[in-house]
Amino acid sequence: MTTANRTETDPPPIQDEEAWVGDLTLAGYAGEVALRRLHEVLLRATRHQVWRLRDLLPGAGPGELEDLAQQAADEALISVLRQLPTFQGRSRFTTWAYKFGILQAGAEVRRHAWRHREITLPDTFVILDDSPSPSQVTEAAQLARAVESAITTALTPHQRRVALALLVNDVPIDVLAERLGTTRNALYKTLHDARTRLRAALLADGYLDTCTYRSST
Amino acid sequence: MTDPISTLSPDTVARLLADTSPYISCDDCFARLDEYAERRARDPHHDDAAMAAHLRGCGACAEEADALLELLHTDAH
């Protein structure tokens, strides 16, 4: 049998997935087995993600990390079942389910890491000495000064606060969304618009041409 | 408490100026992430301009995409 060497946490074979997904909506024993199997798959994803992000929780031991993974898997199970009618089979069901576990685990870890940290929303730069030093006459330093100026002049106060919090102070986007009572989508749209304005301002001032900056937040 | 802002590092400048067009939202990215990750797992050169732009601009989504891809690779081996 091909599954003889499979462990409990291995993803199920692809040929079983259709029946498995169908069983998830059944009452009785078959439904319970399908749900247990889904929880195992989600736990595989949440453990993976919690372990990847463990450096964000320097004081956490294995027990606390496992608790976080279990908690995230429980929450992800609810999300998957709620979204089950939207599964269209464009990927394996296991892959589709994994992403819910990864999302939930990432959010849990980041929330945990920031739970005692205050988040301020500065909307100005504190520049102690405005005169250029030798290192500041470099091209990179000139660009940085131009970006600082554009942040001050080209962005709305809200765009400025969001961009500085996310990209300068490195506040995670889901943590900031939760603190501000908004959504990750709304913050990302604000950030996208802010970047568009910054790039336009830098282009207008001759600091950018066709150069494309490729990095992540 | 978050740190007061003083100067911008080159990395921060690059993140502020990242070109994130064509725009898709975090929800759009999440909706497409499973299919995108499977295609990337099969072909590391698979390209999706909108997904690539979003993952350039959103650290959380990029981290989740990396995690999913890594998990798929782990499953495959």
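The following paragraphs go through a predicted model, from the domains of chain A to its contact with chain B, then to a helix pair and two backbone details.

Chain A is assigned two domains: domain 1 covers residues 14–113, and domain 2 covers residues 134–204. Between the C-alpha centres of these two domains of chain A the distance is 34 Å.

Chain A and chain B touch through 52 residues of chain A and 43 residues of chain B. On the chain A side, the elements that contribute two or more residues are α2 (29–52), α4 (93–113), α5 (139–154), α6 (157–168), α7 (173–180) and α8 (184–204). Of these, α8(A) supplies the largest share, ten residues. Sorted by class, the side of chain A that touches chain B consists of 26 nonpolar, 13 polar and 13 charged residues.

Two of the helices just named, α5(A) and α8(A), also pack against each other. Their axes lie 9 Å apart and meet at an angle of about 120°. The pair therefore counts as oblique, since the range for roughly perpendicular ends at 115 degrees and roughly antiparallel applies only over 145. The crossing of α5(A) past α8(A) is right-handed. From α5(A), the residues in this contact are A:A146, A:V147, A:A150, A:I151 and A:A154, and they meet A:R197, A:L198, A:A201 and A:L202 of α8(A). In class terms, the contact of α5(A) with α8(A) holds eight nonpolar residues, no polar residue and one charged residue.

Two points in the loops concern the backbone. The first is in chain A, in the loop that joins α6 to α7, where A:D170 is found. A:D170 has a phi near 55°, which is a positive value in a residue other than glycine. How buried or exposed is A:D170? Its C-beta has 13 other C-beta atoms within 10 Å, so A:D170 is classed as partly exposed; the exposed class stops at 12 or fewer, and the buried class begins at 20 or more.

The second point is in chain B. The peptide bond that runs from B:S21 to B:P22 is cis, and its omega is near 5°. B:P22 belongs to the loop between α1 (10–16) and α2 (26–42) of chain B.

To return to the contact between the chains, α8(A) gives ten residues to the side of chain A that touches chain B, and α8(A) is also the helix whose residues A:R197, A:L198, A:A201 and A:L202 meet α5(A).

Terms used
Residues numbered from 1 in each chain as written. Chains lettered and ligands numbered in written order. Predicted model: local features only at pLDDT ≥ 70, side-chain atom pairs only at ≥ 80, totals over all residues. Domains from an automatic or database assignment. Contact = placed C-beta atoms within 7 Å. Helix = DSSP H or I, 4+ residues; strand = E, 2+ residues; numbered from the N terminus. Nonpolar A, V, L, I, M, F, W, Y, C, P; charged D, E, K, R; others polar. Axes fitted to C-alpha atoms, helices over the stretch in contact; angles between N-to-C directions. Parallel < 35°, antiparallel > 145°, perpendicular 65-115°, else oblique. Left-handed = near helix turned anticlockwise from the far one by under 90°.
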